[in-house]
Amino acid sequence: MIIKGILLLLVLSCASASQQNALHVGDIVVVVLSQADVYHSRLALELRDDIHRQASIIGGKAPKVRLAHEEFPHPGAWTVVPLLPQLYEMDGTNSSWIVFCEERTRFNLPQLVQALSQHDHTEESWLGNGLHDKEPTIIHHFAFTHNPDRFLYPLLPAGFAFSSALLKRLGNAAATIKKSDFSIDAMHELAVFTGTPLQSLASTFCSENRTGCAAYPVPFLPCGDAVPSEDIYFAVKTCLTHHSDRVPVVLKTWAKDASNIEFFSDVQDDTIPTTAVGVANTIRGHCAKTLAILRLVAERVQQLPNLQWLVLVDDDTLLRLDQWITLQATSPHSCLSASTSIGC
(Lines give C-alpha, C1' and ligand atoms only; values in the text may rest on other atoms or scores of the structure.)
Protein backbone atom coordinates (compact mmCIF):
# COMPACT_ATOMS: atom_id res chain seq x y z
CA MET A 1 0.00 0.00 0.00
CA ILE A 2 2.86 2.35 0.84
CA ILE A 3 4.50 1.65 -2.55
CA LYS A 4 1.22 2.23 -4.37
CA GLY A 5 0.79 5.52 -2.47
CA ILE A 6 4.26 6.66 -3.47
CA LEU A 7 3.63 5.75 -7.11
CA LEU A 8 0.34 7.63 -7.05
CA LEU A 9 2.06 10.70 -5.62
CA LEU A 10 4.73 10.49 -8.34
CA VAL A 11 2.09 10.23 -11.08
CA LEU A 12 0.15 13.19 -9.67
CA SER A 13 3.35 15.19 -9.27
CA CYS A 14 4.39 14.51 -12.88
CA ALA A 15 0.90 15.41 -14.13
CA SER A 16 0.98 18.66 -12.16
CA ALA A 17 4.42 19.54 -13.49
CA SER A 18 3.30 18.73 -17.02
CA GLN A 19 0.32 21.06 -16.68
CA GLN A 20 2.52 23.85 -15.34
CA ASN A 21 5.02 23.43 -18.20
CA ALA A 22 2.36 23.05 -20.90
CA LEU A 23 2.57 25.62 -23.67
CA HIS A 24 -0.39 27.98 -23.87
CA VAL A 25 -1.31 30.14 -26.82
CA GLY A 26 -0.59 33.23 -24.69
CA ASP A 27 3.05 32.11 -24.35
CA ILE A 28 3.61 32.91 -28.03
CA VAL A 29 4.54 36.31 -29.49
CA VAL A 30 3.97 36.87 -33.20
CA VAL A 31 6.14 39.50 -34.89
CA VAL A 32 4.83 40.54 -38.30
CA LEU A 33 7.50 42.14 -40.49
CA SER A 34 4.91 44.49 -41.90
CA GLN A 35 5.18 47.57 -44.08
CA ALA A 36 3.33 50.83 -43.59
CA ASP A 37 1.72 51.22 -47.02
CA VAL A 38 -2.02 50.75 -47.33
CA TYR A 39 -1.91 47.33 -48.97
CA HIS A 40 0.55 45.64 -46.62
CA SER A 41 -0.71 47.29 -43.43
CA ARG A 42 -4.23 46.07 -44.25
CA LEU A 43 -2.94 42.52 -44.62
CA ALA A 44 -1.11 42.84 -41.30
CA LEU A 45 -4.24 44.01 -39.51
CA GLU A 46 -6.23 41.16 -41.02
CA LEU A 47 -3.60 38.72 -39.77
CA ARG A 48 -3.72 40.17 -36.25
CA ASP A 49 -7.52 40.00 -36.21
CA ASP A 50 -7.45 36.37 -37.37
CA ILE A 51 -4.97 35.41 -34.65
CA HIS A 52 -7.12 37.06 -31.99
CA ARG A 53 -10.24 35.39 -33.39
CA GLN A 54 -8.65 31.95 -33.17
CA ALA A 55 -7.34 32.68 -29.67
CA SER A 56 -10.82 33.62 -28.47
CA ILE A 57 -12.10 30.25 -29.67
CA ILE A 58 -9.28 28.39 -27.93
CA GLY A 59 -9.78 30.39 -24.74
CA GLY A 60 -7.22 31.85 -22.37
CA LYS A 61 -4.77 34.66 -22.95
CA ALA A 62 -4.28 35.68 -26.59
CA PRO A 63 -0.77 35.85 -28.06
CA LYS A 64 0.84 39.24 -28.48
CA VAL A 65 0.92 40.32 -32.10
CA ARG A 66 3.53 42.98 -32.84
CA LEU A 67 3.35 44.76 -36.19
CA ALA A 68 6.74 46.06 -37.24
CA HIS A 69 5.40 49.15 -38.99
CA GLU A 70 3.62 50.19 -35.77
CA GLU A 71 6.11 49.24 -33.06
CA PHE A 72 9.53 49.16 -34.70
CA PRO A 73 10.30 52.26 -36.78
CA HIS A 74 13.87 51.08 -37.44
CA PRO A 75 14.49 51.22 -41.23
CA GLY A 76 16.21 47.83 -41.02
CA ALA A 77 13.32 46.09 -39.26
CA TRP A 78 12.83 43.83 -42.29
CA THR A 79 16.23 42.23 -41.58
CA VAL A 80 15.11 41.12 -38.07
CA VAL A 81 18.47 41.58 -36.29
CA PRO A 82 17.87 45.25 -35.29
CA LEU A 83 14.63 44.20 -33.56
CA LEU A 84 16.15 41.53 -31.33
CA PRO A 85 17.42 43.67 -28.41
CA GLN A 86 14.06 45.43 -28.03
CA LEU A 87 12.13 42.19 -28.46
CA TYR A 88 14.17 40.57 -25.72
CA GLU A 89 13.46 43.49 -23.39
CA MET A 90 9.73 43.33 -24.12
CA ASP A 91 9.10 39.60 -24.42
CA GLY A 92 12.22 37.66 -23.51
CA THR A 93 11.23 36.81 -19.95
CA ASN A 94 7.45 36.57 -20.29
CA SER A 95 7.06 34.36 -23.36
CA SER A 96 8.24 30.99 -24.61
CA TRP A 97 8.37 31.42 -28.38
CA ILE A 98 8.76 34.37 -30.77
CA VAL A 99 7.32 33.67 -34.21
CA PHE A 100 8.31 35.89 -37.15
CA CYS A 101 6.30 36.13 -40.34
CA GLU A 102 5.10 38.32 -43.21
CA GLU A 103 1.75 40.07 -43.54
CA ARG A 104 0.47 37.33 -45.84
CA THR A 105 1.39 34.50 -43.47
CA ARG A 106 -1.55 32.76 -41.84
CA PHE A 107 -1.64 30.47 -38.80
CA ASN A 108 -3.54 27.49 -37.51
CA LEU A 109 -3.12 28.40 -33.84
CA PRO A 110 -3.99 25.01 -32.29
CA GLN A 111 -1.56 23.36 -34.71
CA LEU A 112 1.12 25.96 -33.89
CA VAL A 113 0.76 25.42 -30.15
CA GLN A 114 0.94 21.66 -30.61
CA ALA A 115 4.04 21.90 -32.83
CA LEU A 116 5.94 24.29 -30.54
CA SER A 117 5.05 22.29 -27.44
CA GLN A 118 7.14 19.42 -28.83
CA HIS A 119 10.27 21.53 -28.31
CA ASP A 120 11.92 22.95 -25.19
CA HIS A 121 11.84 26.73 -25.17
CA THR A 122 14.51 26.82 -22.44
CA GLU A 123 17.01 25.48 -24.98
CA GLU A 124 18.26 27.42 -27.99
CA SER A 125 15.87 26.29 -30.72
CA TRP A 126 15.10 27.70 -34.16
CA LEU A 127 12.25 26.16 -36.13
CA GLY A 128 11.09 26.91 -39.65
CA ASN A 129 11.05 25.83 -43.28
CA GLY A 130 14.67 25.44 -44.32
CA LEU A 131 15.98 26.54 -47.69
CA HIS A 132 19.46 25.83 -49.01
CA ASP A 133 21.58 26.76 -51.99
CA LYS A 134 22.36 24.11 -54.58
CA GLU A 135 25.62 25.87 -55.33
CA PRO A 136 27.51 28.93 -54.02
CA THR A 137 25.70 32.12 -55.08
CA ILE A 138 26.79 35.72 -55.40
CA ILE A 139 23.90 37.12 -53.36
CA HIS A 140 25.09 34.99 -50.43
CA HIS A 141 28.68 36.10 -50.98
CA PHE A 142 29.60 32.55 -52.08
CA ALA A 143 29.28 31.40 -48.48
CA PHE A 144 29.82 27.74 -47.59
CA THR A 145 31.51 27.09 -50.93
CA HIS A 146 32.26 23.42 -50.29
CA ASN A 147 28.84 22.40 -48.96
CA PRO A 148 26.20 25.14 -49.47
CA ASP A 149 23.35 22.63 -49.29
CA ARG A 150 24.12 21.90 -45.64
CA PHE A 151 23.43 25.47 -44.51
CA LEU A 152 19.74 26.22 -44.00
CA TYR A 153 18.00 29.59 -43.89
CA PRO A 154 14.26 30.18 -43.37
CA LEU A 155 11.44 30.71 -45.83
CA LEU A 156 10.01 33.84 -44.22
CA PRO A 157 6.45 33.67 -45.69
CA ALA A 158 6.09 30.27 -43.97
CA GLY A 159 7.09 31.78 -40.63
CA PHE A 160 9.83 30.72 -38.23
CA ALA A 161 10.14 30.54 -34.45
CA PHE A 162 12.85 31.47 -31.94
CA SER A 163 12.77 29.92 -28.48
CA SER A 164 13.05 32.41 -25.62
CA ALA A 165 16.48 30.99 -24.81
CA LEU A 166 17.72 31.72 -28.33
CA LEU A 167 16.16 35.19 -28.26
CA LYS A 168 18.07 35.94 -25.05
CA ARG A 169 21.45 35.20 -26.62
CA LEU A 170 20.69 36.89 -29.92
CA GLY A 171 19.15 39.93 -28.27
CA ASN A 172 22.26 40.46 -26.17
CA ALA A 173 24.54 39.83 -29.15
CA ALA A 174 22.64 42.21 -31.45
CA ALA A 175 22.84 44.96 -28.82
CA THR A 176 26.64 44.90 -28.90
CA ILE A 177 27.30 44.87 -32.66
CA LYS A 178 27.22 47.60 -35.25
CA LYS A 179 25.14 46.04 -37.98
CA SER A 180 25.80 47.08 -41.53
CA ASP A 181 23.05 49.10 -43.20
CA PHE A 182 23.58 46.98 -46.31
CA SER A 183 21.61 43.77 -46.75
CA ILE A 184 20.91 41.57 -49.77
CA ASP A 185 19.18 38.40 -48.51
CA ALA A 186 18.10 39.15 -44.96
CA MET A 187 17.08 35.59 -44.10
CA HIS A 188 20.41 34.11 -45.16
CA GLU A 189 22.25 36.82 -43.26
CA LEU A 190 20.06 36.19 -40.21
CA ALA A 191 20.95 32.48 -40.34
CA VAL A 192 24.65 33.36 -40.41
CA PHE A 193 24.21 35.72 -37.46
CA THR A 194 22.15 33.23 -35.48
CA GLY A 195 24.85 30.57 -35.38
CA THR A 196 22.27 27.97 -34.35
CA PRO A 197 21.24 25.49 -37.06
CA LEU A 198 17.70 25.93 -38.29
CA GLN A 199 15.57 22.85 -37.68
CA SER A 200 13.51 22.47 -40.83
CA LEU A 201 9.88 21.48 -40.23
CA ALA A 202 8.46 21.87 -43.71
CA SER A 203 5.22 20.08 -42.81
CA THR A 204 4.62 22.56 -39.97
CA PHE A 205 5.92 25.81 -41.44
CA CYS A 206 4.57 25.23 -44.93
CA SER A 207 5.17 26.84 -48.30
CA GLU A 208 1.46 26.44 -49.03
CA ASN A 209 -1.62 25.52 -47.04
CA ARG A 210 -2.22 21.82 -46.55
CA THR A 211 -3.32 19.44 -43.80
CA GLY A 212 -1.20 19.68 -40.69
CA CYS A 213 0.28 23.12 -41.37
CA ALA A 214 0.74 25.47 -38.44
CA ALA A 215 1.81 28.39 -40.65
CA TYR A 216 1.66 29.08 -44.37
CA PRO A 217 1.51 32.02 -46.82
CA VAL A 218 -1.66 32.95 -48.65
CA PRO A 219 -1.38 33.72 -52.38
CA PHE A 220 -0.62 37.27 -53.43
CA LEU A 221 -3.76 39.29 -53.90
CA PRO A 222 -4.23 42.10 -56.43
CA CYS A 223 -2.96 45.39 -55.02
CA GLY A 224 -5.03 47.64 -57.23
CA ASP A 225 -4.94 49.02 -60.74
CA ALA A 226 -1.49 48.69 -62.25
CA VAL A 227 0.48 51.77 -63.23
CA PRO A 228 0.59 51.93 -67.05
CA SER A 229 3.92 50.78 -68.42
CA GLU A 230 4.15 54.06 -70.34
CA ASP A 231 4.32 55.94 -67.04
CA ILE A 232 7.46 54.12 -65.85
CA TYR A 233 11.02 54.81 -67.00
CA PHE A 234 13.52 51.97 -66.63
CA ALA A 235 17.19 52.94 -66.47
CA VAL A 236 19.54 49.95 -66.70
CA LYS A 237 23.09 50.44 -65.44
CA THR A 238 25.68 48.39 -67.32
CA CYS A 239 29.26 48.47 -68.63
CA LEU A 240 31.17 47.27 -71.66
CA THR A 241 32.15 44.03 -69.93
CA HIS A 242 28.52 42.91 -69.79
CA HIS A 243 27.21 44.15 -73.13
CA SER A 244 27.49 40.63 -74.55
CA ASP A 245 26.31 38.52 -71.60
CA ARG A 246 24.00 40.34 -69.17
CA VAL A 247 22.35 42.88 -71.45
CA PRO A 248 21.03 40.24 -73.93
CA VAL A 249 19.30 38.44 -71.02
CA VAL A 250 17.52 41.65 -70.02
CA LEU A 251 16.52 42.34 -73.63
CA LYS A 252 15.10 38.84 -74.06
CA THR A 253 13.12 38.89 -70.80
CA TRP A 254 11.46 41.76 -68.99
CA ALA A 255 12.74 44.57 -71.22
CA LYS A 256 10.36 43.42 -73.97
CA ASP A 257 7.42 44.67 -71.89
CA ALA A 258 8.98 47.99 -70.84
CA SER A 259 7.69 50.98 -72.80
CA ASN A 260 10.49 53.31 -71.67
CA ILE A 261 13.89 51.70 -71.16
CA GLU A 262 17.43 52.97 -71.63
CA PHE A 263 20.78 51.29 -71.03
CA PHE A 264 23.48 53.47 -69.48
CA SER A 265 27.10 52.39 -69.81
CA ASP A 266 30.67 53.61 -69.66
CA VAL A 267 30.82 53.44 -73.45
CA GLN A 268 28.33 54.03 -76.23
CA ASP A 269 27.23 50.90 -78.10
CA ASP A 270 24.75 51.51 -80.92
CA THR A 271 23.97 47.79 -81.30
CA ILE A 272 22.05 47.71 -78.00
CA PRO A 273 21.94 50.80 -77.87
CA THR A 274 23.61 52.25 -74.77
CA THR A 275 24.13 55.81 -73.61
CA ALA A 276 27.60 56.73 -72.40
CA VAL A 277 27.39 58.47 -69.02
CA GLY A 278 30.91 59.95 -69.06
CA VAL A 279 32.02 58.00 -65.99
CA ALA A 280 34.59 55.22 -66.25
CA ASN A 281 33.68 51.78 -64.92
CA THR A 282 34.95 50.91 -61.45
CA ILE A 283 35.15 47.70 -59.43
CA ARG A 284 33.59 49.24 -56.33
CA GLY A 285 31.83 52.50 -55.54
CA HIS A 286 29.28 53.37 -58.22
CA CYS A 287 27.84 56.60 -56.81
CA ALA A 288 29.31 58.87 -59.50
CA LYS A 289 27.87 56.68 -62.26
CA THR A 290 24.47 56.54 -60.58
CA LEU A 291 24.34 60.31 -60.15
CA ALA A 292 25.31 60.78 -63.79
CA ILE A 293 22.48 58.48 -64.84
CA LEU A 294 19.99 60.38 -62.70
CA ARG A 295 21.04 63.66 -64.29
CA LEU A 296 20.58 62.24 -67.78
CA VAL A 297 17.20 60.73 -66.91
CA ALA A 298 16.07 64.07 -65.45
CA GLU A 299 16.51 65.50 -68.93
CA ARG A 300 14.59 62.64 -70.55
CA VAL A 301 11.55 62.87 -68.29
CA GLN A 302 10.89 66.45 -69.35
CA GLN A 303 9.44 64.91 -72.48
CA LEU A 304 7.24 62.49 -70.51
CA PRO A 305 4.70 64.59 -68.58
CA ASN A 306 2.74 61.56 -67.35
CA LEU A 307 5.76 59.75 -65.94
CA GLN A 308 5.16 58.47 -62.40
CA TRP A 309 8.19 56.31 -61.62
CA LEU A 310 11.88 55.95 -62.39
CA VAL A 311 13.23 52.42 -61.87
CA LEU A 312 17.04 52.18 -61.73
CA VAL A 313 18.35 48.62 -61.96
CA ASP A 314 21.62 46.81 -62.60
CA ASP A 315 22.14 44.73 -65.72
CA ASP A 316 21.93 41.51 -63.66
CA THR A 317 18.51 42.40 -62.23
CA LEU A 318 15.51 40.37 -63.39
CA LEU A 319 12.07 41.87 -62.85
CA ARG A 320 8.59 40.45 -62.88
CA LEU A 321 7.20 43.48 -64.58
CA ASP A 322 3.55 42.64 -63.93
CA GLN A 323 4.12 42.51 -60.18
CA TRP A 324 6.43 45.50 -60.15
CA ILE A 325 3.96 47.89 -61.81
CA THR A 326 1.20 46.64 -59.51
CA LEU A 327 3.38 47.31 -56.46
CA GLN A 328 3.92 50.87 -57.60
CA ALA A 329 0.19 51.40 -57.77
CA THR A 330 -0.06 50.90 -54.00
CA SER A 331 2.95 52.96 -52.93
CA PRO A 332 3.22 56.71 -52.56
CA HIS A 333 5.62 58.39 -54.94
CA SER A 334 8.83 57.82 -53.04
CA CYS A 335 11.79 55.46 -53.10
CA LEU A 336 11.33 51.71 -53.36
CA SER A 337 14.29 49.35 -53.11
CA ALA A 338 15.18 45.70 -52.63
CA SER A 339 14.16 46.07 -48.99
CA THR A 340 10.56 46.45 -50.16
CA SER A 341 8.63 43.23 -50.60
CA ILE A 342 7.71 43.13 -54.28
CA GLY A 343 5.40 40.17 -54.18
CA CYS A 344 2.26 42.18 -54.74
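Modeller: Accessible areas here come from the Shrake-Rupley method with a 1.4 Å probe. For this predicted model, the accessible surface of the protein chain comes to about 18,400 Å². Carbon and sulfur atoms hold 56% of that surface.

Colleague: How many helices and strands are in the protein chain?

Modeller: The chain has 10 helices and 14 strands. Of its 344 residues, 46% are buried. Among contacts with a separation of 6 or more, 73% join residues 24 or more positions apart.

Colleague: Take one helix, α7. Which residues of α7 are buried?

Modeller: First, the general idea. An α-helix has 3.6 residues a turn, so residues three or four places apart point the same way. Now the case. The buried residues of α7 are Ala186, Met187, His188, Leu190, Ala191 and Thr194.

Colleague: What do the buried residues of α7 pack against?

Modeller: They pack against three strands and a helix: β5 (126–128), β7 (153–154), β8 (160–163) and α6 (164–174).

Colleague: Now Thr194. Why does Thr194 count as buried?

Modeller: Buried means under 20% relative accessible area. Thr194 is at 0% relative accessibility, so Thr194 counts as buried. Thr194 belongs to α7, which spans residues 186–194.

Colleague: Which residues does Thr194 touch, not counting residues up to four places away in sequence?

Modeller: With those set aside, Thr194 touches Trp126, Phe162, Leu166, Arg169 and Leu170.

Colleague: What phi does Gly195 take just after α7?

Modeller: A positive one. Gly195 has a phi of about 75 degrees.

Conventions
Residues numbered from 1 in each chain as written. Predicted model: local features only at pLDDT ≥ 70, side-chain atom pairs only at ≥ 80, totals over all residues. Heavy atoms only, no water. Helix = DSSP H or I, 4+ residues; strand = E, 2+ residues; numbered from the N terminus. Buried < 20%, exposed > 50% of the residue type's maximum accessible area, 1.4 Å probe, protein only. Contact = heavy atoms within 4.5 Å.
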